[in-house]
Amino acid sequence: MKTSEMWVVIVDSVQARFFSADSPLGGLTEQGNLVHGEGRLRKQDLVSDDGGRAFDSQGNGRHGMEPKTDARTQEQLSFALEINQHLQEQDQAVAFRRLYLVAPPVMMGQLRDRLDKRLQSLLLGSLNKNLAHLSPAEIRARLPEKLWMLNE
């Protein structure tokens, strides 16, 4: 695989699209994608049954138990880990030298929290938007004019 100067990663809860950019002012070339079908499911379809019941610490009462993380958030965390793994593999294959992330705010937080230190060191910028449904030309129009400085 040819090494690209930068990869732009476009993420939402269902898919991650990977684009290469070989010049700071140039266009984007799609390199592939990951699809996370569970991101399309409704919250009630992600859990198999109720959280169970527990006795109160004092008295004879009982109450329902809620999971610490809801099912939708858990799926976002899982997808963020999958994206991190894919980026690690591509980094080891020397597919890119720099990264730029684009994702809705909640997914951006999940993704940034799961990027390993090496990938964090390659991250030049990010944009908190959902652009996953746009064409490469439309995505490029919403990114900074210069994706990186020429003299770096």
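How many of the 152 residues in the chain are buried, as a percentage? The share comes to 39%, where buried means under 20% relative accessible area, exposed means over 50%, and partly exposed is in between (1.4 Å probe, protein chains only).

Some ground rules before going on. This is a predicted model, in which local features need pLDDT of at least 70 and side-chain atom pairs count only at pLDDT 80 or more, while totals for chains, interfaces and linings use all residues. Residues are numbered from 1 along each chain as its sequence is written, and side-chain values use heavy atoms, with hydrogens and water left out.

## The overall layout

The chain has 5 helices and 7 strands, taken as DSSP runs numbered from the N terminus (helices are H or I with at least four residues, strands are E with at least two). Walk along the sequence and you meet them in the order β-β-β-α-β-β-α-β-α-α-β-α. Take the contacts (heavy atoms within 4.5 Å) between residues at least 6 apart in sequence: 63% of them join residues at least 24 apart. On the outside, the chain exposes about 9000 Å², and carbon and sulfur atoms supply 47% of that; the areas come from the Shrake-Rupley method with a 1.4 Å probe, and for residues only the protein chains shown count as cover.

## Strand E6 and its partners

Strand E6 covers residues 96-103. Of its 8 residues, 7 are buried, so E6 is largely enclosed by the rest of the structure. E6 runs parallel to E1, and 6 bridges join the two; strands count as paired if DSSP finds at least two bridges between them. In that pairing, Ile10 stands opposite Val102. E6 also runs parallel to E7 (residues 123-128), this time with 5 bridges, and there Leu101 stands opposite Ser126.

Just past E6 comes Pro104, in the loop that leads to helix H3 (105-114). Its C-alpha atom is 9.5 Å from that of Ile10, although the two residues are 94 apart along the chain. Neighbours within four places in sequence aside, Pro104 touches Val11, Asp12, Lys129 and Asn130.

## Salt bridges

The structure holds 5 salt bridges, each a side-chain nitrogen of Lys or Arg within 4 Å of a carboxyl oxygen of Asp or Glu. Here are three of them.

| Pair | Closest N to O distance |
|---|---|
| Arg98 and Glu5 | 2.7 Å |
| Glu30 and Arg17 | 3.1 Å |
| Asp91 and Arg118 | 2.9 Å |

Start with Arg98 and Glu5, which form a salt bridge. This pair links distant parts of the chain, with Arg98 in strand E6 and Glu5 in strand E1 (residues 4-11), 93 residues apart. Both Arg98 and Glu5 are buried. Glu5 and Arg98 also belong to a network of salt bridges that takes in Arg97.

Next, Glu30 and Arg17 form a salt bridge. Glu30 sits in strand E3 and Arg17 in strand E2 (residues 15-21), 13 residues apart. Glu30 is partly exposed, with a relative accessible area of 37%, whereas Arg17 is buried at 9%.

Then there is the salt bridge between Asp91 and Arg118. That one ties helix H2 to helix H4 (residues 117-122), across 27 residues of sequence. Asp91 counts as buried at 12% relative accessibility, while Arg118 is partly exposed at 45%.

## Helix H2 and His36

How far apart are the end C-alpha atoms of helix H2? They are 32 Å apart, which agrees with the 32 Å expected for its 22 residues (71-92) at 1.5 Å a residue; the expected span is 1.5 Å times one less than the number of residues. The buried residues of H2 include Glu75, Phe79, Ile83, Leu87 and Asp91. After the helix comes Val94, with a positive phi near 55 degrees.

Glu75 also has a partner outside the helix: its side chain makes a polar contact with the side chain of His36 at 2.8 Å. A polar contact is a pair of N or O atoms within 3.5 Å; within protein, one must be able to donate a hydrogen and the other to accept it, and residues adjacent in sequence count only if both atoms are side-chain atoms. His36 lies in the loop between strand E3 (29-35) and helix H1 (43-46), and is buried, with a relative accessible area of 5%. Beyond neighbours within four places in sequence, His36 is in contact with Ser13, Val14, Glu75, Ser78, Phe79 and Glu82.
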